[in-house]
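Q: Please pick one residue in this model, take a close look at its surroundings, and then follow the packing outwards from there. I would like the cut-offs behind each term spelled out as you go.

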Amino acid sequence: MAFRSIFMRSVLQIVRRPIYWVAFFILPLFCFMLLTSLMENGLPSKVPAAMIDRDGSQLSRKITQNLSGMQMVDLVEDCNSYTEARHLMQEGSIFGYFLIPENFERDLMSGRKPVITFYTNMTYFVPASILFKTFKTTALYTKAGVVMTVLESVGATADEVTPLLLPINIQARGIHNPGLNYAIYLCNSFIPGVLELMIFLVTCFSLGQEIKYGTSRKLLMMAKGSIVRALAAKLLPQTIIWIVIAIFMESWLFKINGYPVYGSWFWLTVSEIMFVLACQGWAIFFFGVLPNLRLSLSACALLGILAFSIAAFSFPVESMYPSIGIFSWILPVRYNLLIYIDQALNGVDIYYSRVWFVAYIVFMILPFTLLWRIKKEMLKPVYAP
């Protein structure tokens, strides 16, 4: 009876406060749809760039033509100077520019080794990386084309020249992602990261509100003094909603958007359910460390935002400084990503993902270490703004 009373009280709080509706439904669903729509084409294309052709020769015009024909680049500007292109990049109109120096063709043909320069704005990592790769490819192909022309002019055949320029043929095969679709990786890491952040914030907010408004004593009285019963009954409605959102997220990514699943749907679903419980457990633990509405919300927001950087979404843990990389292992979303890679992309047996599921369980039992502190604060609620 006590459990049901607290449960219904929590349901009414959710129904009556619009902030819960925004946090549970509007923000997560908006982020789900926004991220997948931004990555709808899989790989960003037609990145705005500029060309500075200070040579004006036949070779430089050919380079410009080849670069403009690349799928990833859109030469929206033809600048007359380095300064003009730099200003355009600082304004955000372009993400990089390709500079061909004066007397480029003449110096190249006379063996003076002219320098082709290209600049990319690495503030925007993905478009800048795409531009860098395309610019570098164009420069290498230009060099190879000139060498081939020179060698053929002295009597060498194409069959003799090709092994000199390309002694080793490379065949690159993207395992489980042959189309190099960015969305398959980014959306399946960033979207759970958004869900983790919202679970952190809502859990700490709902507990902090009890202390802020002095209703925590009533909550414990309704639970007959049991902090376990009080937290379980209060957070169960939230847990149910978050699990529904997590399963919808799974359906949205894999069914509606058609992202590949080479492994078990069952274990992916179990992972999402345990992910929700692990996030709630971590948030309760953090509230026990900082039983203050403002401080706990700030700490959870900081951790949730840092997850996008330190949980190896955009940079591999192996390449991080050890003092930074270690923090990637204290966030539930890190294990969600590892299970996704194992089960959805690699399709391996669940045996190889068992450690990541154990990590979920550790996050679930973590709050029990500080329940005594949460109960103490709820018995004597003091709100410190």
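A: T134 counts as buried, at 8% relative accessibility, where buried means under 20% relative accessible area, exposed over 50% and partly exposed in between (1.4 Å probe, protein chains only). This is a predicted model, in which local features need pLDDT of at least 70 and side-chain atom pairs count only at pLDDT 80 or more, while totals for chains, interfaces and linings use all residues. Residues are numbered from 1 along each chain as its sequence is written, and side-chain values use heavy atoms, with hydrogens and water left out.

T134 sits in helix 6 (residues 125-153); helices (H or I, at least four residues) and strands (E, at least two) are DSSP runs, numbered from the N terminus. Leaving aside residues up to four places away in sequence, T134 touches L67, M70, M72 and V73, contact meaning heavy atoms within 4.5 Å.

From here the view widens to the nonpolar cores, each a set of buried Ala, Val, Leu, Ile, Met, Phe, Trp, Tyr and Cys residues joined through side-chain atoms within 4.5 Å. The largest core has 80 residues, and the members that touch the most others are L195, W242, L253, W282, L331, Y360 and M378. Helix 8 (residues 182-212) gives this core its largest share, 15 residues. Separate from it is a second core of 16 residues, which includes L59, F95, F104 and F135.

Two members of the largest core, W282 and Y360, lead into the aromatic groups. With residues up to four places away in sequence not counted, W282 touches F200, L303, I330, L331, P332, F363 and L366. W282 also belongs to an aromatic cluster with F285, F286, W329, Y335, W356 and F363. Within that cluster, W329 has R334 lying over its face, at 4.6 Å from the ring centre; a charge sits over a ring if NZ of Lys or CZ of Arg is within 6 Å of the ring centre and within 35 degrees of the ring normal.

The structure holds 28 aromatic pairs, counted when rings of Phe, Tyr and Trp (its six-membered ring) have centres within 6.5 Å, with planes under 30 degrees apart called stacked, over 60 edge-to-face and the rest tilted. One of these is the edge-to-face pair of W267 and F357, at 5.7 Å centre to centre and 65° between the planes. W267 lies in helix 11 (residues 265-289) and F357 in helix 15 (residues 354-365), so this pair ties together parts that are 90 residues apart in sequence. W267 is partly exposed at 29% relative accessibility, whereas F357 is buried, with a relative accessible area of 8%. F357 forms a further edge-to-face pair with Y360, at 6.2 Å centre to centre and 80° between the planes. These two residues are three apart in helix 15, which means that about one helical turn separates them. Y360 is buried as well, with a relative accessible area of 0%.

Helix 8 also brings in helix 2, since what covers the buried residues of helix 2 includes helix 1 (2-16), helix 8 and helix 10. Those buried residues are Y20, A23, F24, P28, F32 and T36. Shortly before the proline P28, helix 2 has a kink of about 30° at I26, the bend being the angle between axes fitted to the seven residues ending there and the seven starting there.
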